[in-house]
Amino acid sequence: MRVLWFSNSPALGAEFINHNFRLVSTGGWLYSLNKVLQNYVELSVAFHYPYKISPYKYQDTKFYPVYTGNLILENLKTRFWNKVYDIDFLEEYMSIINEVKPDIIHIHGSENSFLCILHKTKIPVVVSIQGNLSVYYHKFFSGFHGKYLNKKNDTYNIKTLLFGRDSFNRGYTKMKKMSRIEQKHIKLAKHIIGRTDWDRRITRVLAPKSKYYTGNEILRNSFYEKKWNNKIENNKIVIFTISGNTYYKGLETLCNALYLLNSLGLDIEWRVAGISKDSLINCITKKELGEKYPRNGLILMGALEENDLIKNMQESHIYVMVSHIENSPNNLCEAMILGMPSIATFAGGTGSLMKDGKEGILIQDGDPWAMTGAIIEFINNPDLALEYGNCARKKAISRHNKERIISELISTYETIISNK
């Protein structure tokens with residue numbers, strides 16, 4: 001079976017780029033899926049990249065980088081004209097399709113321009129839902145008022161010198177345009193792969209004529225090999241969260257909850273990966289919360305490598321996900337497969353990942369009081385927290401079983417091909 005992916009990342013091909021060109025590239029969770037699937041099908045991967053690289057073969061996969069233009073010029077276009085891609089690379093996409101001659105095409109994510117091939121090819125196409133920009137755009141201001149949209153970060157570096165100080169206005173306007181493009185194209189999709197009730201329900205609206213298939217994600221290998229074992233036994237509680245420099249990731253809820261925990265006299269160290277002290281979202285949160293911005297216990301760690309992530313998760317007592325909108329966040333899945341007692345906002349698809357009151361605690365997004373109460377519940381009941389973590393681990397091990405995921409994906413491919 002010949003399979004062609006269109007992906008937002010180079011997947012396994014990131015290893016080749018990093019080694020041969022000394023360019024920073026990431027594979028994301030698709031790296032893990034690519035590494036296993038190439039053993040069962042003839043796999044090719046097309047992806048956007050801001051440097052000119054010829055097609056290459058790495059391990060048993062063929063990779064087709066689609067050059068998106070000079071990095072600096074494209075960033076300037078994005079900054080000043082809110083440039084987004086729609087059908088810009090359609091001719092190149094079709095050229096890759098004609099060269100590969102796949103039995104099936106798999107588009108990972110609905111937020112990029114790859115969907116424009118839907119009305120151009122007769123080869124069966126299936127689209128995986130990762131997030132959904134239409135819903136993310138709708139939820140953009142869940143955490144903060146729009147008055148902070150144009151607030152700029154006062155930290156200067158080479159990026160800010162070239163492109164101006166960081167602001168969320170560009171991302172918001174770009175997301176608005178991209179969500180319209182997404183809605184225009186996805187309605188033509190005949191086959192959808194998703195993982196949660198959330199993506200199944202929204203695609204019944206956005207792609208009403210499509211058939212829906214379930215397909216889970218393979219996590220990073222290290223998370224299958226490690227296990228959390230740090231039961232709450234002392235007065236100091238370490239909490240861990242993976243977040244990002246984005247409006248709707250819930251940093252303000254986290255900070256409000258930590259402020260409440262401090263006011264109750266609890267000794268809390270809340271470590272946050274993905275956000276640094278000079279991140280714009282932290283500057284905005286400080287301004288918004290004022291005196292209620294936590295003065296103690298907040299550790300903003302910035303970006304962490306995989307091994308450092310796991311080390312910090314194993315050193316922590318509780319994992320907390322605070323986002324206002326997610327589909328199936330890998331950070332929560334990784335905490336669950338480690339067996340960490342977890343608390344998450346009931347946002348997007350998290351209710352499909354973790355059962356409230358059995359595998360963890362779900363709370364309404366944006367509610368720091370309920371979040372604080374859930375943390376106290378674990379602190380006061382360490383055996384219950386341990387039980388939830390064990391149940392979560394069993395659930396995650398089953399859900400992210402590599403062999404079953406590959407088997408189900410190939411079965412989905414075969415079903416779509418046979419019914420074309």
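A salt bridge is taken here as a side-chain nitrogen of Lys or Arg within 4 Å of a carboxyl oxygen of Asp or Glu. In this predicted model, Glu315 and Lys311 satisfy that criterion, with their closest N and O atoms 2.7 Å apart. The two residues are four positions apart in helix H12 (residues 306–315), a separation of about one helical turn. Both ends of the pair are partly exposed: Glu315 has a relative accessibility of 31%, and Lys311 one of 44%.

Glu315 and Lys311 belong to a network of salt bridges that also includes Lys236, Glu269 and Arg271. Within this group, the side chains of Glu269 and Lys236 form a salt bridge with an N to O distance of 3.1 Å. Glu269 is located in strand S10 (residues 268–273) and Lys236 in the loop between H9 and S9, so this contact ties together parts that are 33 residues apart in sequence. Glu269 is buried, because its relative accessibility of 17% falls under the 20% limit. Lys236, at 37%, is partly exposed.

A further salt bridge joins the side chains of Asp383 and Lys231, at 2.4 Å from N to O. This pair links distant parts of the chain, 152 residues apart: Asp383 lies in helix H16 (residues 382–399), and Lys231 in the loop between helix H9 (221–225) and strand S9 (237–242). Lys231 is partly exposed, with 26% relative accessibility. By the stated criterion, the model contains 13 salt bridges.

Conventions
Residues numbered from 1 in each chain as written. Predicted model: local features only at pLDDT ≥ 70, side-chain atom pairs only at ≥ 80, totals over all residues. Heavy atoms only, no water. Buried < 20%, exposed > 50% of the residue type's maximum accessible area, 1.4 Å probe, protein only.
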